[in-house]
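Good morning, and thank you for coming. I shall walk you through one structure, beginning with a detail and then moving outwards.

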Amino acid sequence: MHYKQSKGIVIRRVDDSVFLVKPETDALFQLDGPGSVLWLALADPLDTDEAIKLLLIAFPDADAQTVARDVDALFKDLKDHHLIEAME
Amino acid sequence: MNKRSIYLSFADLRGPVVLTGCADLSGIIGQLLRGWNIAPYEGPHDVEPVICIEKIGTQFVRSSRWLDQPVGFEDPVDAVCDFFVDLIKAYLDTATGMMCLHGAAARFNDGLVIFPSTYRSGKSTLSVELARRGVHIFSDDVLPIENNRNFGVAPGILPRLRRPIPDQTGSAFLNFAKSRLSAANERYQYIDLHNHEIAPLGETAPISGIVLLERDDTFAPELRHAKESDIVKNIILRNFSKNVAAADVLDRLIEISWQADTHILRYATVEQAADLLCERFGVRMSA
C-alpha cells in the first residue's frame with residue numbers, strides 16, 4: 001500500500017527537523033533525522049519497502065532491521081494521526 | 001455571619017476580581033504586582049467576575065472559568081501564588097493573539113533574553129541574581145508575547161524563590177535575598193525588586209536572545225550556540241496560551257527564534273550563569 005502526505009497539513013522545516021500542524025485539531029508534531037527525511041519523501045506516494053530502501057541510502061551505516069522496524073513504527077504513527085493517507 | 005466582598009479592578013481585565021471574606025489578601029497581591037493598577041472596581045455591575053476567592057473555613061477557595069472546579073489553599077501566600085496563574089490567563093484574554101511562554105526574561109544591553117523553563121533549571125534564582133547585578137528583569141516565570149511584533153510583555157510579578165535557597169549560593173546573593181524579602185511562607189519567598197529593577201505590567205521589548213538553561217556541575221560552565229530546531233521545539237513546549245492556533249504559534253516561534261541569538265547555558269552556580277550572560281549580552285544598568 002502506498003501512502004502520501006495528507007492534504008492541509010502545515011509543514012515547517014527548521015534545520016534538520018520538520019514541524020507539522022494539523023489545523024483541524026491544532027495538534028503539533030515534530031520529526032527529526034530519518035523521520036523528517038521520510039516525511040519529505042512522502043510528498044510523493046511511497047510504500048514501506050521503498051521507504052526502507054530510501055533510508056538505507058540516506059543512512060548507509062544504519063542497521064537494516066532497525067530501519068525496517070523504525071519505518072513500520074513511523075508509518076503507523078503517521079497513519080494513526082491522519083498525517084498520511086493511503087493512495088487508491 | 002455575612003462575609004464582606006470587595007470588588008477590585010486589575011489593569012484592563014474584562015471584569016472584577018472578587019475577594020469574599022479575605023480582603024486582607026489584597027495586601028499581599030498588591031505587594032507582589034507592579035503596574036497592575038489595582039483599584040476598587042467601578043465598572044458595570046452586571047459583568048461577571050473574572051476570578052473569585054472566598055475564605056471558607058480555613059481555606060482560600062478560588063474559582064474562575066479556567067478551573068474545572070474550585071481550588072483551595074490553607075496558606076495565603078500559596079493562595080496568591082496560584083491566583084497569579086489565573087490572573088495571567090485573564091490578562092492574555094485582554095488582547096487578541098497574545099501568546100504566553102513559561103520561562104524567565106531579562107533585558108540586557110542587547111535586548112530581551114528569554115530563558116524557557118525546564119524543570120528546576122533555576123530561572124528564578126538566576127533572575128534575582130541578574131537583578132542584583134543591575135539587569136532589568138521582565139519575568140521569572142511567564143512571558144506574554146504580543147501579537148503584532150512578537151515583543152515580550154512584562155507580566156509585572158515579583159520573582160519568587162523556592163525555599164530553602166541552595167547551600168552553594170554566594171553570600172552576596174543571600175544578603176540581597178534577605179534584604180529584599182517580600183511575602184513568604186515555608187516553601188516560597190518573593191523578592192522585593194524596586195521599580196527600576198523590574199518592568200511593570202505591559203512594558204515591551206523585542207526578543208533578541210533565547211537561552212536554554214542546563215544546570216550541570218560535572219563540566220565547566222559554558223554558553224554555546226543552540227540549534228534553531230532545538231530552540232523551536234523547546235519553546236513550543238513552553239507555550240501555554242490556547243488563544244492562538246497551533247500553526248500561527250509555530251510560525252511566530254520560528255520567526256522569534258530566527259531573529260534571536262540562540263544558546264544553551266550550562267552552569268553549576270547562579271554566579272557562573274550570570275557572569276556568562278552579562279559577558280555575552282551586556283548589562284543594562286537599572287536607572
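**From one strand to two chains**

Let us begin in chain B, where Arg107(B) has Leu112(B) in S8(B) as its bridge partner. Please keep in mind throughout that this is a predicted model.

That pair belongs to a longer arrangement. Strand S7 of chain B, residues 99-108, is antiparallel to S8(B), and 6 bridges join the two. Between S7(B) and S8(B) there are 2 residues, and the two strands form a hairpin.

What does S8(B) pair with in parallel? The partner is strand S16 of chain B, residues 207-215, joined to S8(B) by 3 bridges. Here we meet Leu112(B) again, since its bridge partner in S16(B) is Ile207(B). Leu112(B) thus has a bridge partner in S7(B), namely Arg107(B), and another in S16(B).

Is S8(B) mostly covered or mostly open? Strand S8(B), residues 111-116, is mostly covered, with 5 of its 6 residues buried.

Let us now step back to the whole of chain B. The domain assignment divides chain B into domain 1, residues 5-92, and domain 2, residues 99-281. How far apart do the C-alpha centres of these two domains lie? The distance is 26 Å. The domains also touch: 17 residues of domain 1 of chain B are in contact with 21 residues of domain 2 of chain B. On the domain 1 side, helix H1 (25-32) and helix H2 (76-92) of chain B each give two or more residues. H2(B) gives the most, with 8 residues. By class, that side of domain 1 has 12 nonpolar, 2 polar and 3 charged residues.

I turn next to chain A. Chain A has 3 helices and 5 strands, and their order along the sequence is β-β-β-β-α-α-α-β. The radius of gyration of chain A is 13 Å, close to the 12 Å that the globule rule gives for 88 residues, so chain A is as compact as a globular protein of that length. Along the principal axes, its C-alpha trace spans about 35 × 35 × 20 Å. Of the 88 residues in chain A, 24% are buried.

Finally, we come to the place where the two chains meet. The contact takes 12 residues from chain A and 11 residues from chain B. Which elements of chain A give two or more residues to this side? They are strand S2 (10-14), strand S3 (17-22) and strand S4 (27-32) of chain A. The side of chain A that touches chain B comprises 6 nonpolar, 2 polar and 4 charged residues.

Thank you for your attention.

How values were computed:
Residues numbered from 1 in each chain as written. Chains lettered and ligands numbered in written order. Predicted model: local features only at pLDDT ≥ 70, side-chain atom pairs only at ≥ 80, totals over all residues. Helix = DSSP H or I, 4+ residues; strand = E, 2+ residues; numbered from the N terminus. Rg over C-alpha atoms; globule rule 2.2 N^0.38 Å. Buried ≥ 20, exposed ≤ 12 C-beta atoms within 10 Å, placed from the backbone. Contact = placed C-beta atoms within 7 Å. Nonpolar A, V, L, I, M, F, W, Y, C, P; charged D, E, K, R; others polar. Domains from an automatic or database assignment. Pairing = 2+ DSSP bridges.
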